[in-house]
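Visitor: I'd like to learn how to read a ligand site and the empty spaces inside a protein. Could you walk me through one?

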Amino acid sequence: MAEPVKFRNYVGGKWVDAGTGKTFPNRNPADLDDVVGEFPASAPEDVDRAVAAAKKAYDGWRRTPAPKRGEIVYRAGQVLLDRKEEIARAMTREMGKVLKETRGDVQEGIDTAFVHAGEGRRLHGFTAPSELPNKAGWAVRAPVGVAGLVTPWNFPLAIPTWKSFPALVAGNTVVIKPASDTPHCVNLLAEVLEKAGIPPGVFNVVHGGGGTVGTAIVKHPDTRVISFTGSSEVGRGIAETCGSMLKRVSLELGGKNAQIVMDDADLDLALEGALWGAFGTTGQRCTATSRLIVHRRVKDELVGRVLERAKKLRLGSGLDEKNEVGPLINKDQVGKVHECVEIGKKEGAKLLCGGEPASDGALAKGCFYKPTIFDGVTPEMRVAREEIFGPVLSVLTCKDLEDAVRILNATEYGLSSSIYTRDVNNAFYAMQEIESGIVYVNAPTIGAECHFPFGGVKRTGNGHREGAHPIYDVFTEWKTVYVDYSGRLQKAQIDNQ
Ligand code: UN1
């Protein structure tokens with residue numbers, strides 16, 4: 001057999017091995033015999049080198065005018081566009097989701113580049129009149145320093161671009177650790193940025209495990225801001241470390257998203273929304289629809305139709321365009337999803353379909369799990385409350401809109417929610433009462449666009465938002481400037497009493 005391709009870290013503008021010399025394999029989850037390559041199993045010393053490179057590059061980068069920084073990000077968007085198909089295929093191979101979706105993932109990176117390139121020419125501050133004569137004041141956004149980014153495997157390109165493009169446009173330098181299940185896409189992003197003209201040391205990639213490399217990035221005294229997407233459990237640990245170091249941290253964590261379907265809804269539309277929301281990306285989106293809350297008058301009809309369609313979904317390698325649902329990310333995840341399903345069964349939820357790994361024919365080589373639907377779920381059950389991150393949909397029945405919203409809000413998470421209704425009063429009540437960062441009306445819980453704020457309430461995060469301009473609250477410091485041109489000592493709060 002041919003030697004697996006060897007990939008490297010990207011530090012100070014050079015491709016380098018980990019100091020340890022150790023590597024880990026990156027496998028195709030649709031066929032575990034297919035090794036994408038060996039990646040560096042880095043140690044904290046590799047993080048030290050990357051942070052030192054980022055620190056060295058910082059002064060030059062922060063002094064580069066923001067519109068120029070934006071132009072480099074714009075060119076990165078153009079290179080991504082040129083390489084879209086190639087990157088989408090590489091992503092499907094290492095992550096598993098179907099090509100239609102990986103093309104969407106790369107597109108989200110392209111869109112993100114173009115939005116933030118424009119921010120290089122805005123990066124608005126503000127001014128206000130001074131309370132004293134012949135004195136002016138304004139506030140500008142200044143970069144924070146070295147940004148440490150730790151990114152997940154479900155959006156292997158889009159999420160690294162969401163975090164790094166605004167961080168870079170704002171004048172920060174970056175050290176990023178991608179998930180060890182999807183390291184290749186971030187190496188491709190480094191190639192793209194290099195081609196776009198990013199100076200050496202401004203963008204650095206260190207591969208390896210979360211416990212070693214991720215922790216070293218978070219704890220490093222010279223990373224001044226941390227952005228993490230992943231589980232609430234890991235996020236809490238990161239927040240504790242950052243809290244004790246007085247370091248800024250932005251967290252995008254779990255979800256338990258729900259789609260409400262009222263009795264006046266267009267059921268054809270609600271059906272398509274539920275299928276796409278629950279089983280798109282094999283349920284591995286933070287925004288995936290995990291609960292379907294249906295009005296009792298239409299429950300049997302809608303669930304019958306969702307079931308019929310879910311059973312027909314075609315599983316297989318995402319590289320084959322006939323397949324609709326790819327694998328889970330790895331065998332561990334298959335085990336975790338199955339454990340949740342077993343818990344649901346024990347709690348008394350009624351399994352309508354799926355409920356087991358799929359291993360017919362070629363599927364046996366990968367990490368496939370059958371689309372699963374539980375009926376008769378009640379809000380107290382763990383399958384109604386805990387994030388599963390797999391193709392599992394729990395159906396809950398509601399008696400009216402207030403009941404539906406109460407059920408929807410009865411989790412510790414609050415990322416994305418949806419309501420299907422034709423009644424404008426229902427829609428506005430839901431928009432007002434639902435506790436989540438994103439609310440959709442007559443659309444599924446997935447499909448956020450990169451130029452709107454993205455993030456959630458409650459245990460979904462710590463109050464920050466990605467996407468659009470609010471992300472600059474993560475990646476910049478406010479600097480307030482006063483200029484007194486009166487030629488005398490003026491005392492604020494005292495001279496104007
Ligand atoms: C995620 O699930 O972590 O809204 C990101 C969506 C995508 C992004 C999801 N645009 O579903």
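Visitor: Which atom of T287 lies 3.0 Å from an oxygen atom of the ligand?

Guide: Bear in mind that this is a predicted model. To read a polar contact, look for a pair of N or O atoms within 3.5 Å. Here a polar side-chain atom of T287 sits 3.0 Å from a ligand oxygen atom. The backbone takes part as well: a polar backbone atom of C286 is 2.7 Å from an oxygen atom of the ligand, and a backbone N or O atom of G447 is 3.1 Å from one.

Visitor: How much of the ligand does the protein bury?

Guide: Alone, the ligand would expose 320 Å², and the protein buries 98% of that.

Visitor: What classes of residue make up the shell around the ligand?

Guide: Seven are nonpolar, three polar and two charged. Among the residues around the ligand are E108, F155, W162, R285 and F454.

Visitor: Where does the ligand lie relative to domain 1 and domain 2?

Guide: Look at which domains supply the shell. Domain 1 (9–253 + 461–480) and domain 2 (257–441) both contribute residues, so the ligand lies between them.

Visitor: And the empty spaces: how many cavities of 30 Å³ or more does the structure hold?

Guide: Four. A cavity is a space where a 1.4 Å probe fits but cannot get out. The largest cavity has about 90 Å³ of space. Its lining has 15 residues, with G283, R285, A288, S290 and F389 nearest the centre. By class, that lining comprises six nonpolar, six polar and three charged residues.

Definitions and conventions:
Residues are numbered from 1 along each chain as its sequence is written. This is a predicted model: local features need pLDDT of at least 70, side-chain atom pairs count only at pLDDT 80 or more; totals for chains, interfaces and linings use all residues. Side-chain values use heavy atoms; hydrogens and water are left out. A residue is near a molecule or strand if one of its heavy atoms lies within 4 Å of it. A polar contact is a pair of N or O atoms within 3.5 Å; within protein, one must be able to donate a hydrogen and the other to accept it, and residues adjacent in sequence count only if both atoms are side-chain atoms. Accessible areas come from the Shrake-Rupley method with a 1.4 Å probe; for residues, only the protein chains shown count as cover. Ala, Val, Leu, Ile, Met, Phe, Trp, Tyr, Cys and Pro count as nonpolar, Asp, Glu, Lys and Arg as charged, and the others, Gly among them, as polar. Domain bounds come from an automatic or database domain assignment. On a 1 Å grid over the protein atoms alone, a cavity is a set of points where a 1.4 Å probe fits but cannot get out, and a pocket is an open set with protein on both sides within 12 Å along at least five of seven lines; lining residues have an atom within 4 Å of a point. Grid points are joined across faces, edges and corners, and a volume is the space filled by probe spheres set on the points.
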